[in-house]
Amino acid sequence: MEAVFDNETKMYFEILSPNEVSVVNGEYYYQDNPSLAYIYRGEVVIPETISHLGMAYSVIAIGQKAFYGCNLVTSVFIPNSIRYIIDTNTVIYGSGGISMTYANTCGAGAFQGCNNLISIRMSENIRWIGDNAFAGCPCYLETVTIPSSVIHVGIAAFDSENIFFNAE
């Protein structure tokens, strides 16, 4: 499903459960003409909730390749509703949990290749950061703190040396 916000930003979502969604890559919806997919620019603010056809949904995940290669994105705000940044090896079952399939390949990351992404403000409730989530992002220009709620950081999730884990 597609959602358009007040500032005319579009985001694309996949329904995970009756009241939860994941942000997904817009090219999925425009496979026949990818040029119609929205191009993200500047600061990306992921909403905590969206409404669609009169239903309210909590945004709990950022899917594989959701912002893949978005070279115009400079910062991202990941709200407290987000619990998972997933990859091809991760399956989400709504708020019921996640499952990891142990494939021999690393999937494309949610923000992989965002060459100008220098600022990440991360949810305090995030639990899972998938493989290659921020690979190829120059977030080394800023310190990124991983909240103590995180139980998994995937292979090559960050290219930065300024990653700190919040050990509460």
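Me: In this predicted model, what makes strand S5 and S6 a pair, and in which sense do they run?
Reply: Strand S5 (residues 49-52) and S6 are joined by four bridges in the antiparallel sense. At least two bridges are required for a pair, so S5 and S6 qualify. Within this pairing, Ile50 stands opposite Tyr57 in S6.

Me: How many residues lie between S5 and S6 in the hairpin?
Reply: Two residues lie between them, and Leu53 in the turn has a positive phi of about 50°.

Me: What makes strand S3 a partner of strand S6?
Reply: Strand S3 (residues 20-24) and strand S6 (residues 55-62) share four bridges in the parallel sense. The requirement is at least two, so they count as a pair. Val21 stands opposite Val59 in S6.

Me: How do you know that S6 also pairs with strand S8?
Reply: Two bridges join S6 to S8 (residues 84-85), and the strands run parallel. The rule asks for at least two bridges, so this pairing meets it. Here Ala61 stands opposite Tyr84 in S8.

Me: Why is the contact between Arg83 and Glu20 called a salt bridge?
Reply: The N to O distance between their side chains is 3.4 Å. The cut-off is 4 Å, so the pair counts as a salt bridge. Arg83 lies in the loop between strand S7 (73-77) and S8, and Glu20 lies in strand S3, so the salt bridge ties together parts that are 63 residues apart in sequence.

Me: Which of the terms buried, partly exposed or exposed applies to Arg83, and which to Glu20?
Reply: Arg83 has a relative accessible area of 21%, which makes it partly exposed. Glu20 has 6% and is buried, because buried means under 20%.

Me: With what other side chain does Glu20 make a polar contact?
Reply: The side chain of Ser17 makes a polar contact with the side chain of Glu20 at 3.0 Å. The limit for such a contact is 3.5 Å, so this distance is within it. Ser17 lies in strand S2 (residues 10-17). At 16% relative accessibility, Ser17 counts as buried.

Me: How many salt bridges are there by this rule, and what makes Arg121 and Glu43 one of them?
Reply: The count comes to two salt bridges. For Arg121 and Glu43, the closest N and O atoms are 1.9 Å apart, which is within 4 Å and therefore meets the rule. Arg121 lies in strand S11 (residues 119-121) and Glu43 in strand S4 (residues 42-45), so the pair ties together parts that are 78 residues apart in sequence. Arg121 is partly exposed at 39% relative accessibility, and Glu43 is partly exposed at 42%.

Me: How many disulfides does the structure hold?
Reply: The structure holds zero disulfides. Cys70 is in no disulfide, and the nearest cysteine sulfur, that of Cys114, is 5.1 Å away. The cut-off is 2.5 Å, so that pair does not qualify.

Me: Why is Cys114 not bonded to Cys137?
Reply: The sulfur of Cys137 is the closest cysteine sulfur to that of Cys114, but at 5.0 Å it is too far for a bond. Cys114 is buried, with a relative accessible area of 0%. Cys70, at 14% relative accessibility, also counts as buried.

Me: Why is Pro147 called buried, and where is it found?
Reply: Its relative accessible area is 4%, and buried means under 20%, so the term applies to Pro147. Pro147 is found in the loop between strand S13 (144-146) and strand S14 (152-153). Pro147 and Glu124 are 23 residues apart in sequence and 5.6 Å apart in space, C-alpha to C-alpha.

Definitions and conventions
Residues are numbered from 1 along each chain as its sequence is written. This is a predicted model: local features need pLDDT of at least 70, side-chain atom pairs count only at pLDDT 80 or more; totals for chains, interfaces and linings use all residues. Side-chain values use heavy atoms; hydrogens and water are left out. Buried means under 20% relative accessible area, exposed over 50%, partly exposed in between (1.4 Å probe, protein chains only). A polar contact is a pair of N or O atoms within 3.5 Å; within protein, one must be able to donate a hydrogen and the other to accept it, and residues adjacent in sequence count only if both atoms are side-chain atoms.
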